[in-house]
Amino acid sequence: MARETAPPTTLRERAVRAAASLRAGPVGRLLPRLAALNLVEGAMRLAAQAFLAALPLLMTVAAFAPPGMRQLLVDSLSSVLGVRGETLDEVKRTYAADDAARQSVGALGALLTLASATAFSRALQAVCERCWHLPRAPVRAAAWRWLIWLVVWLAFMFVQAPLRRGFGVGPATGLALSLTGSVLLWWWSQHLLLGGRIGWWSLLPGALLAGAGTITLSWAGHLLLSDAMQRSLDEFGPLGPAFTLLSWLIGVFVVAVSGMALGEAVATSAWFRHTVASGGPRRERSGRPAAHPRRVKPPGACRAHAEKCRRRPPGGSPGTEGET
């Protein structure tokens, strides 16, 4: 009879046994992927591009938007960030535009701001491609996707205030609508920026994790970020809330990138392929469709083809016999 292994008796043996089980489990397989992805670096790049490119785009849009849409944008930013008091007054002064502001921006300035804001969508596309280990898409084929993503993102930002209020129904409905909208936005964003190289079903786990994580952090930030921005405003002046916002954006994109990386690990697992994505066409890790099985010829087809070739004279056309 085989001798049973004695359980670990010391704390060190238990720690070694636990570390070995973690390395052999899903966590041990996931950590090298996150390390190769440069999670923190990618999140910092996205946060910097959002702060330097996307927020100026919002101010440019507010300069040309009618007063009603401008107020809706301020309400949406206040709902997302949870700002109030003096910080909210600073936001309102920032997005308050008159005729002089519109003339100083101009149509050419608006186009340049929109073109520079595509750096945000380009950075997000690069992160999505690294999550799925795909090569960079050609610029000619991806440029229009960057613009479309920015337009949809702007529209999504404008409706944040009524969406989070549940369109007057209540906060519970608002939370459900916000979660659904965030998941759909991340689902569609991955599909658009990856150029359709990954199937919809494979992108769903990453969209669920990224959408749920960012909404959870956003609702938590609604409770905590306002006080932090107010303290930063009192201590450092107008630059204080900017530093606080940048730190919060880094946290949001760490959660989002982690969710997409975890989604890729789930979508490429054997369990997901056999239980969830088995009903539709599966794609390999490289993004190419899986190879179809070879067609098997019916019995007798090979013998008939060999007989036809044997009776065909040299130089004869296929399927015809030689003339006498």
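**Figure 1. A nonpolar patch that includes a residue of helix H7.** Ile148 has its place in helix H7, and in this predicted model the residue is partly exposed, with a relative accessible area of 34%. Together with Trp144 and Val152, Ile148 makes a nonpolar surface patch of about 240 Å². Helix H7 itself covers residues 139–158, and the loop that joins helix H6 (99–131) to helix H7 is the setting of a later view, which is centred on Pro135.

**Figure 2. The whole chain, shown for orientation, with its 13 helices.** The chain contains 13 helices and 0 strands, and reading along the sequence therefore gives one α after another, in the pattern α-α-α-α-α-α-α-α-α-α-α-α-α. Of its 324 residues, 38% count as buried, while the accessible surface of the chain comes to about 19300 Å², with 65% of that area belonging to carbon and sulfur atoms. When contacts between residues at least 6 apart in sequence are considered, 76% of them join residues that are at least 24 apart.

**Figure 3. The ring pair of Phe120 and Trp149, which joins helix H6 to helix H7.** The structure holds 6 aromatic pairs, and in one of them the rings of Phe120 and Trp149 have their centres 5.4 Å apart and their planes at 75 degrees, so that the pair counts as edge-to-face. Because Phe120 lies in helix H6 and Trp149 in helix H7, the pair ties together parts that are 29 residues apart in sequence. Phe120 is buried, with a relative accessible area of 3%, and Trp149 likewise counts as buried, at 4% relative accessibility. Ring pairs also link Phe120 and Trp149 with Trp153 and Phe253, and these four residues form a cluster.

**Figure 4. The tilted ring pair of Trp271 and Phe272.** Here the ring centres of Trp271 and Phe272 lie 6.4 Å apart and the ring planes stand at 55 degrees, so the pair is tilted. The two partners contrast in their accessibility, for Trp271 is exposed, with a relative accessible area of 56%, whereas Phe272 is buried, with a relative accessible area of 5%.

**Figure 5. A network of salt bridges that links Glu129, Arg136 and Arg197.** By the rule applied here, the structure has 3 salt bridges, and Glu129 takes part in a bridge with Arg136, with an N to O distance of 3.1 Å, as well as in a bridge with Arg197, where the closest N and O atoms are 2.9 Å apart. The pair of Glu129 and Arg197 links distant parts of the chain, since Glu129 belongs to helix H6 and Arg197 to the loop between helix H9 (171–193) and helix H10 (200–236), with their positions 68 residues apart in sequence. Glu129 counts as buried, at 1% relative accessibility, while Arg197 is partly exposed, with a relative accessible area of 22%, and Arg136 counts as exposed, at 57% relative accessibility.

**Figure 6. Pro135 in the loop between helix H6 and helix H7.** Pro135 counts as exposed, at 55% relative accessibility. Once its neighbours within four places in sequence are left aside, Pro135 is in contact with Glu129 and Arg197, two residues that also belong to the network of salt bridges. Pro135 and Leu194 are 59 residues apart in sequence, and their C-alpha atoms are 9.8 Å apart in space.

**Figure 7. Glu41 and Arg45, a salt bridge within helix H3.** The closest N and O atoms of Glu41 and Arg45 are 3.0 Å apart in this salt bridge. Because the two residues are 4 apart in helix H3 (residues 39–64), about one helical turn separates them. Glu41 is partly exposed, with a relative accessible area of 43%, and Arg45 also counts as partly exposed, at 36% relative accessibility.

**Figure 8. Cys128 and Cys131, two cysteines without a disulfide.** A search of the whole structure finds 0 disulfides. Cys128 is in no disulfide, and its nearest cysteine sulfur, that of Cys131, is 6.3 Å away, a separation that does not meet the cut-off of 2.5 Å for such a pair. Cys128 counts as buried, at 1% relative accessibility, and Cys131 is buried as well, with a relative accessible area of 4%.

Technical notes
Residues are numbered from 1 along each chain as its sequence is written. This is a predicted model: local features need pLDDT of at least 70, side-chain atom pairs count only at pLDDT 80 or more; totals for chains, interfaces and linings use all residues. Side-chain values use heavy atoms; hydrogens and water are left out. Buried means under 20% relative accessible area, exposed over 50%, partly exposed in between (1.4 Å probe, protein chains only). Contact means heavy atoms within 4.5 Å. Accessible areas come from the Shrake-Rupley method with a 1.4 Å probe; for residues, only the protein chains shown count as cover. Patches are made of residues with over 30% relative accessible area and no salt bridge: like charges are joined within 9 Å, nonpolar side chains (Val, Leu, Ile, Met, Phe, Trp, Tyr) within 5 Å. A salt bridge is a side-chain nitrogen of Lys or Arg within 4 Å of a carboxyl oxygen of Asp or Glu. Rings of Phe, Tyr and Trp (its six-membered ring) pair if their centres lie within 6.5 Å; planes under 30 degrees apart count as stacked, over 60 as edge-to-face and the rest as tilted.
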